[in-house]
Amino acid sequence: MAKRSKTNNNSANNVKTARIISVASQKGGVGKTATVTNMAVGLVSLGYKTAIIDMDAQGHIAFSFGIKKSNLKKTIYDVLIGEASMSDIKQHAFGVDLYLSNNSLSDLSPKVMTHLNAKLFPAPKYLLKKAIGQIKMQYDYILIDTSPSNDIPTMNSLLASTDIIIPVLPEGLSIDGIYDTIVLIKEIQDQGSKVNILGILPTMVQDHTNLHHVMLQDLRKQFAETPDIKVFDTVIKRAIRHGLAQTHGEPDIKKAPEYLSFVKEVFAIA
Ligand SMILES: Nc1ncnc2c1ncn2[C@@H]1O[C@H](COP(=O)(O)OP(=O)(O)OP(=O)(O)O)[C@@H](O)[C@H]1O
Ligand SMILES: [Mg+2]
C-alpha cells in the first residue's frame, strides 16, 4: 500500500488530497519533461501514489514512458472539454498513472476561448482544476508537465496547482526565463491563487565548465535575498543516461539518482 505523505493528509477528517505540482518554465528545453518523469518514478520508488498530467501538446510524457501518442484515442483535451472523464483516459506505466496529451491539446484555446462557446466554458482557465477534482483523493502527488509558453493549457496548469517547480539551465537566456515565469506566477497569485513556488531546480549542469559553475553561483546569490524563492541544493547533471532514458521510453530512477535526492529534498521525505 502506498505511503501517505503527512503533509497531504487533512488530519481533521483524515482525507487524503494530492499535492499538485506544475513543473513550469517559459523557456523551452530546460528539462521540464525530464523532471516530471524522473520525479514521478522517484516518488513511486518511495511508495507514494503518483500521477502525471501532460498539459503540453507536444505529448512528450507519452514518449518518455514508451507510449505512442498517435495511438491515444482520448486525451486530457477530451476531459477538459467535457467529452471524457479522467478514468476514461488513464494509462499506467512504470508505476505511474498517466493522463496524457497529444497535438489535440492545441485546439483547447480556440475551443474554449471563443465567444460562441462562452456559455459552455464559463471558466476556461479552471478546466484542469475541475478535472483534477475527479482524481485528487486518489494520489499523494500529481505532477503536471507544461509547455514553454503562457498559453491556456499552462494557465490551467498553474491555476490547478498547489506548488510550482521552475527548472533552469545555468546559462544566461535560461536564467532570464525564470523571471518571465515568476512574473506569470505572480499574475496567477494576484488572481487569488495560493500557489506556492517550491523553488528553482538547476538542470543539465556541467559543473566542470566555468560557465555553469559561475552561473550557478550567481543564481544562488541572486535568490539568496528572496526568501520566498529558493534555489534547491540538489542539481541535476547533464548526462547521456537522461537523454537515453527518454529516447528509449524507459524511465529508471536508479539511472537518475539526482532526482531521488531531489524529491527527498523538495518534499522532505525519505
Ligand atoms: N539532465 C539531462 N542531461 C542530458 N540531457 C537531458 C537532461 N535532461 C533532459 N535532457 C534532454 O534534453 C532535452 C530537453 O529536455 P526536456 O524535454 O525534458 O525539456 P523541456 O523543458 O521539457 O522541453 P520543452 O520546453 O520542449 O517541453 C531532451 O532531449 C532530454 O532528453
Ligand atoms: Mg517538455
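This passage describes the surroundings of ligand 1 and the placement of N102 in a predicted model. Residues are numbered from 1 along each chain as its sequence is written, and chains are lettered from A and ligands numbered from 1 in the order in which they are written. Local features need pLDDT of at least 70, side-chain atom pairs count only at pLDDT 80 or more, and totals for chains, interfaces and linings use all residues, while side-chain values use heavy atoms, with hydrogens and water left out.

Ligand 1 is surrounded by 18 residues (each with a heavy atom within 4 Å of it), of which K32, T33, A34, K237 and Q246 are the closest. By class, this shell comprises six nonpolar, eight polar and four charged residues. Polar contacts (pairs of N or O atoms within 3.5 Å) link the ligand to backbone and side chain. An oxygen atom of ligand 1 lies 2.9 Å from a backbone N or O atom of A34, and a polar side-chain atom of Q58 is 3.2 Å from an oxygen atom of the ligand. A nitrogen atom of ligand 1 lies 2.9 Å from a backbone N or O atom of A239. Of the 620 Å² of accessible area that ligand 1 has on its own (Shrake-Rupley method, 1.4 Å probe), the protein covers 81%. The elements giving two or more residues to the shell are α1 (32–45) and α10 (240–248).

N102 is located in the loop between β6 (96–99) and α5 (108–112). This residue counts as buried because its relative accessibility is 13%, the term meaning under 20% relative accessible area (1.4 Å probe, protein chains only). A polar atom of the N102 side chain lies 3.3 Å from the backbone oxygen of K69.

Methods:
Polar contact = N/O pair within 3.5 Å; in protein donor to acceptor, adjacent residues only side chain to side chain. Helix = DSSP H or I, 4+ residues; strand = E, 2+ residues; numbered from the N terminus. Nonpolar A, V, L, I, M, F, W, Y, C, P; charged D, E, K, R; others polar. Buried < 20%, exposed > 50% of the residue type's maximum accessible area, 1.4 Å probe, protein only.
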